[in-house]
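Notebook open, structure loaded. I'll jot down what I look up as I go.

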Amino acid sequence: MADDGAGNRPVQAKDQTALMVQGLTLRYNDVLALDGASAQFPIGSMTAIIGPNGAGKSTFLKSVLGLVAAEGTVLAFDGPVAQAMARIAYVPQRAAVDWSFPVRVIDVVLMGCYRKTGLLGRIDRRMTAHAMAALARVGMQDFARRQIGALSGGQQQRVFLARALAQGADLFLLDEPFAGVDAATEAAIISVLKSLRNDGATIVAVHHDLTTVAAYFDRVLLMNRRTVAEGPVAATFTRAALAQAYGPALMLDPTGKLGEEPSERPAA
Amino acid sequence: MDEFLLFSLPPMMIASLAAIACVLPGNFLLLSRRAMLGDAMSHVVLPGIVAAFLLTGSGSGVVMGAGALVAAGLSALLIEWVTRRAQLEPGAAMAVVFTTMFALGVVLLETTGTSGVHLDVEHALYGNLESLIWLGAPPPELLRLSLIAAVLAFALRLVWRPLVLATFDPVFAQTQGIPVAWLRAGLTAATALAAVAAFQAVGSILTIAMLICPAASARLLTRTLPAQLAASLGFAVASALCGYILAGYAPLWVGLPFTLSASGMIATVSGLMLAGSALIASHRARAAL
């Protein structure tokens, strides 16, 4: 079945699901970071994970990847996620690494080829060409030999995306890919993500700008420690569901720029 | 000339090898913001050595080295435990553990009269570089440090790519199936090995200096990791050689009838190199604006 572009592909047979999450629960010192969050991500869909600060969006991605030990079931391509890691690309938050680290742009992208070169494998010219192609796809080919600290925030984010592209994955999990980037980078990233989606890849991104959800994504997962709503943007991204996730404060601010604090149930 | 070969060359080679052994893990400690671990490892060596001597009564380098390695391993576990249980930042946990263990070592040393076997606090701090001369055979430290420097260099070559990735972006590295925790433990073990070997030859001050100063200097002046590693090795050997010569001859040049501690002078030179690198780097940064 072809994607109709509006994200209205129904979730049907099990084999069309890239990622299935059931009852994901994580406790940090008696504080529930995730409280039974569940979601399905159909193959070829592009989903925004939205919710207030502290809703566990980043933790959700990390738990899915097994980077933190949460309870619950996670199936990727109908198998345990640990067996599908080669098909999954993770783009951490840009702030998660030290950008003054002495590596060049091309070295970072080559890190995405790690599984292809094997445990201690050497980089050959074919691998370098592969990494250069990934850089070209995000418009950063002229920066390959620059040290990463010399890049702007938007350029750094594009390098992170190029590293994910070099992995050749089928499922992309991105944590705030548009945080603190310039407009040109945002446009470049969304165009790459959409072309990946059109080629059959599945995109899941933690997103904070409610004004662009409908333009960028075809599905949405609204969460606040647990799933508030999930589904196609048209049916799910509603005022009522947003109020439920963010609290009534959001109602005062139709752009969604305010109201980031969860008003209900302060963290214990 | 013969005098130089017998009395000066061995200590200079030992200082250089100790510096090389420390610089290899030191570069990665610095990049993973665990520089304090070098400090910790070189301090916990003391209680390990004293305890090994007390338990076995043997003053052999191997026995004491083993004791020091055990102490280093224990303190690494203790640091992890304190970090988790007390929810301290790692630097604070390291500082708590190594000062306590070093103090324990000093107390053990004073109360048990272990100082008879060439062990005293001053020795622990400054080492005994000047006494490591060629007496019919090369000093055992020379062979031991050569071996350990070679082992560390080989190990680093082997795990270079995964180690760089795990140091730069440990979370992403985990998604690539890289055993990040094992590499981290391996770096701790390499640091312990280098610190123990270097401590016995050159004392804790020089060990700490060599674990961090050359790498920190090189980091300021280079932009890729291979260049940083090469530069740090160069700085390490240069400060070992310059420091040793300055300690032995500089007072004579100005007419003073004594020599200075070689370890102390080498550490000082490496500190001055770091200061020089910082000046050059800030000058460069201003020029680039």
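These entries go from the ground rules to chain A, then to chain B and the shared core.

**Ground rules.** I'm working on a predicted model, where local features need pLDDT of at least 70, side-chain atom pairs count only at pLDDT 80 or more, and totals for chains, interfaces and linings use all residues. Residues are numbered from 1 along each chain as its sequence is written, with chains lettered from A and ligands numbered from 1 in the order in which they are written.

**Chain A, overview.** I counted elements to begin with: chain A has 9 helices and 10 strands. These are DSSP runs numbered from the N terminus, helices being H or I with at least four residues and strands being E with at least two. Of its 268 residues, 45% count as buried. Buried is 20 or more other C-beta atoms within 10 Å of a residue's own, exposed is 12 or fewer, and partly exposed is in between, with C-beta atoms placed from the backbone. I also looked at contacts, meaning C-beta atoms, placed from the backbone, that lie within 7 Å. Among those in chain A between residues at least 6 apart in sequence, 67% join residues at least 24 apart.

**Chain A, the open sheet.** Which strands make it up, and in what order? I read E2-E1-E4-E5, 4 strands in an open sheet with antiparallel pairing. Pairing here takes at least two DSSP bridges between two strands. Strand E2 (31–42) and strand E5 (79–80) of chain A each have a single partner strand, so one side of each is left without a neighbour in the sheet.

I went through the pairs next. E1(A), residues 17–28, runs antiparallel to E2(A) over 9 bridges, and Thr17(A) stands opposite Pro42(A) there. E1(A) also pairs with E4(A), residues 71–76, in the antiparallel sense over 5 bridges; Leu19(A) has Ala76(A) as its bridge partner. Ala76(A) is in turn the bridge partner of Gly79(A) in E5(A). E4(A) and E5(A) are joined by 2 bridges and form a hairpin with 2 residues between them. In that turn, Phe77(A) has a positive phi of about 50 degrees.

**Chain A, helix H1.** I checked H1(A), residues 57–64, for cover: 7 of its 8 residues are buried. Two lysines, Lys57(A) and Lys62(A), are among them, as are Phe60(A) and Leu61(A). Just after the helix, Gly66(A) takes a positive phi of about 80 degrees.

**Chain A, strand E7.** Is E7(A) covered on one face or both? Both: Leu171(A), Leu173(A) and Asp175(A) are buried on one side, Phe172(A) and Leu174(A) on the other. In a regular strand, side chains alternate between the two faces of the sheet. I found parallel partners too. E6(A), residues 88–91, pairs with E7(A) over 4 bridges, with Tyr90(A) opposite Leu173(A). E8(A), residues 202–206, pairs with E7(A) over 5 bridges, and Leu174(A) has Ala205(A) as its bridge partner. Adding helix H6 (residues 183–198), I get a right-handed β-α-β unit from E7(A), H6(A) and E8(A). Right-handed means that, with the strands pointing away from the viewer, the path from the first strand over the helix to the second runs clockwise.

**Where A meets B.** I tallied the contacts: 16 residues of chain A touch 18 of chain B. The chain A side divides into 13 nonpolar, 1 polar and 2 charged. Ala, Val, Leu, Ile, Met, Phe, Trp, Tyr, Cys and Pro count as nonpolar, Asp, Glu, Lys and Arg as charged, and the others, Gly among them, as polar.

**The core.** Which residues touch the most other members of the largest nonpolar core? Val109(A), Phe172(A), Ala18(B) and Ala21(B) do, out of 177 residues. Helix H8 of chain B, residues 180–221, gives the most to this core, with 25 residues. A core is a set of buried Ala, Val, Leu, Ile, Met, Phe, Trp, Tyr and Cys residues joined through C-beta atoms within 7 Å. Beyond four places in sequence, Ala18(B) is in contact with residues including Leu145(B), Ala197(B) and Met210(B).

**Chain B, one span and one residue.** UniProt's unreviewed entry lists residues 37–55 of chain B among its "transmembrane region" spans. UniProt positions use the numbering used here, feature names are shortened, and annotations may be inferred rather than shown by experiment. I find residues 37–55 to be 100% helix, with end C-alpha atoms 27 Å apart. Leu55(B) lies in H2(B), residues 36–56, and counts as exposed because it has 10 C-beta neighbours inside 10 Å.

Key: Two residues are in contact if their C-beta atoms, placed from the backbone, lie within 7 Å.
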